[in-house]
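Hi,

Here is the structure I said I would pass on. Have a look at it first, and then read my notes below.

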Amino acid sequence: MVDLSVTLAGVTLKNPIIPASGTFGYGREFAELYDLDILGSFSWKGTTAQPRPGNPQPRIAETASGMLNAVGLQNPGMDAVLHEEVPNIARLFHGPVIANVCGFSLEEYAESSARLNEAKQVQILEVNISCPNVHAGGKNFGSDPRSAAAVTRAVRAVTEKPVFLKLSPNVTDISEIARACEAEGADGLCLINTLLGMRIDLNAKRPLLANRTGGLSGPSVFPVAVRMVWDVYEAVKLPIIGCGGVDSAETAAEMMLAGASAVEVGAANLRDPWACKKIIESLPAVCERLGADRISDLTGAAHDEKRPRR
């Protein structure tokens with residue numbers, strides 16, 4: 001029997017499949033379809049300190065082999081999540097939960113992360129540094145090594161939970177950002193977030209999205225995600241959660257061969273709500289085909305030299 005368990009910074013998951021933030025809400029809707037306890041974990045919807053209504057409509061657009069979204073971090077805010085969603089999650093899912101934390105200032109990142117110390121089921125903080133820094137003209141925290149390092153330092157100071165930084169692919173050198181996060185005490189990394197893109201309505205001669213641009217996700221970004229996971233695996237010693245276009249057991253295995261210790265499934269959940277269940281059920285056969293008794297042996301196996309992860 002194939003051992004599907006993996007470990008992320010000391011947190012053991014029964015398998016490496018994690019529904020990605022923004023595609024799984026807080027688990028309520030998917031719990032009506034299947035038993036969430038089959039999952040390795042799930043990353044809840046990006047949460048900010050205060051409630052956010054999100055961007056104006058339209059904020060979703062289909063593209064070839066993917067989709068654009070400009071939802072705008074719509075969420076009920078940290079108070080509602082702690083008092084309403086966290087107790088409900090405990091009824092729906094009994095494994096370790098990943099909390100996706102968003103912020104528009106260092107103070108907000110630190111405040112939200114500190115508040116999550118009281119949520120025992122939250123065992124990993126996934127800090128989204130693709131958010132715009134309101135004190136730096138709207139430039140994303142993840143676009144500059146110094147800003148990424150500052151967020152890592154601020155969050156690391158207020159929590160003992162493992163801190164994973166979710167990196168943006170919209171940078172010149174993602175490995176440089178990864179090294180900056182590692183230097184400031186990150187426990188792991190998640191990559192990639194969405195690629196910036198846009199579409200134009202030919203008839204209206206206007207952008208399809210009210211926000212003009214949005215994040216591209218789905219199969220079209222998979223080769224980019226694999227390349228970036230590969231590069232970051234070579235650059236740091238941190239465990240990596242690979243994300244971007246994973247939609248099958250085969251693509252999950254490919255992401256792990258590139259260097260991921262676990263994978264997040266995003267847009268595939270929106271196309272097929274049972275996607276994660278199907279992937280988990282297919283993983284043993286793929287591992288057997290690859291000659292792996294433990295799925296964790298796939299991590300980094302495509303590299304000339306496997307590098308130890310923290």
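I'll start with one residue, Ser-217. Not counting its neighbours within four places in sequence, Ser-217 is in contact with Ser-65, Gly-66, Met-67, Thr-194 and Ala-267. Before you read too much into that, keep in mind that this is a predicted model.

Where does Ser-217 sit? Its place is in strand β13, which covers residues 214–217. Is Ser-217 buried or exposed? With a relative accessible area of 14%, Ser-217 is buried, because the cut-off for that word is under 20%. Ile-192 is 25 residues from Ser-217 in sequence, and the two C-alpha atoms are 9.7 Å apart in space.

Some of these names come up again when you look at the backbone. As background, most residues other than glycine have a negative phi, and most peptide bonds are trans. Here are the places in this model that go the other way.

- Ser-65, one of the contacts of Ser-217, is not a glycine and yet has a positive phi of about 60 degrees. You'll find Ser-65 in the loop between β4 and β5 (66–69), and it is partly exposed at 48% relative accessible area.
- Arg-212 also has a positive phi without being a glycine, in this case about 75 degrees. Its loop runs between β12 (206–207) and β13, and Arg-212 is partly exposed, with 47% relative accessibility.
- The peptide bond from Leu-191 to Ile-192 is cis, with omega near 15 degrees. Ile-192 belongs to the loop between β9 and β10 (195–197).
- The bond from Gln-57 to Pro-58 is cis as well, with omega near -5 degrees. Pro-58 is in the loop between α1 (28–31) and β4 (60–63).

Next, a helix to look at: α6, residues 222–235. Its 14 residues reach 20 Å from the first C-alpha to the last, close to the 20 Å expected at 1.5 Å a residue. Which residues of α6 are buried? They are Phe-222, Ala-225, Val-226, Met-228, Val-229, Val-232 and Tyr-233. An α-helix has 3.6 residues a turn, so residues three or four places apart point the same way. Try reading the list of buried residues in α6 with that spacing in mind. What do the buried residues of α6 pack against? Their partners are α5 (174–183), β9 (188–191), β14 (240–243) and α7 (249–258).

Now zoom out to the whole chain. The protein chain has 9 helices and 15 strands. Its radius of gyration is 18 Å, close to the 19 Å that the globule rule gives for 310 residues, so the chain is as compact as a globular protein of that length. Along the principal axes, the C-alpha trace spans about 50 × 50 × 40 Å.

How much of the chain is buried? Buried residues make up 56% of the 310. Among contacts with a separation of 6 or more, 71% are between residues 24 or more positions apart; the contact between Ser-217 and Ser-65 is a good one to find on screen.

As for the outside, the accessible surface comes to about 13200 Å², and carbon and sulfur atoms account for 51% of it. On the charge side, there are 30 positive and 35 negative side chains, and the centres of the two sets are 4 Å apart.

That's what I have so far. Over to you!

Terms used. Residues are numbered from 1 along each chain as its sequence is written. This is a predicted model: local features need pLDDT of at least 70, side-chain atom pairs count only at pLDDT 80 or more; totals for chains, interfaces and linings use all residues. Side-chain values use heavy atoms; hydrogens and water are left out. Helices (H or I, at least four residues) and strands (E, at least two) are DSSP runs, numbered from the N terminus. The radius of gyration is taken over C-alpha atoms; the globule rule is 2.2 Å times the number of residues to the power 0.38. Buried means under 20% relative accessible area, exposed over 50%, partly exposed in between (1.4 Å probe, protein chains only). Contact means heavy atoms within 4.5 Å. Accessible areas come from the Shrake-Rupley method with a 1.4 Å probe; for residues, only the protein chains shown count as cover. Lys and Arg count as positive and Asp and Glu as negative; His and the chain ends are not counted. The place of a charge is taken as NZ of Lys, CZ of Arg, CG of Asp or CD of Glu. The expected span of a helix is 1.5 Å times one less than its number of residues.
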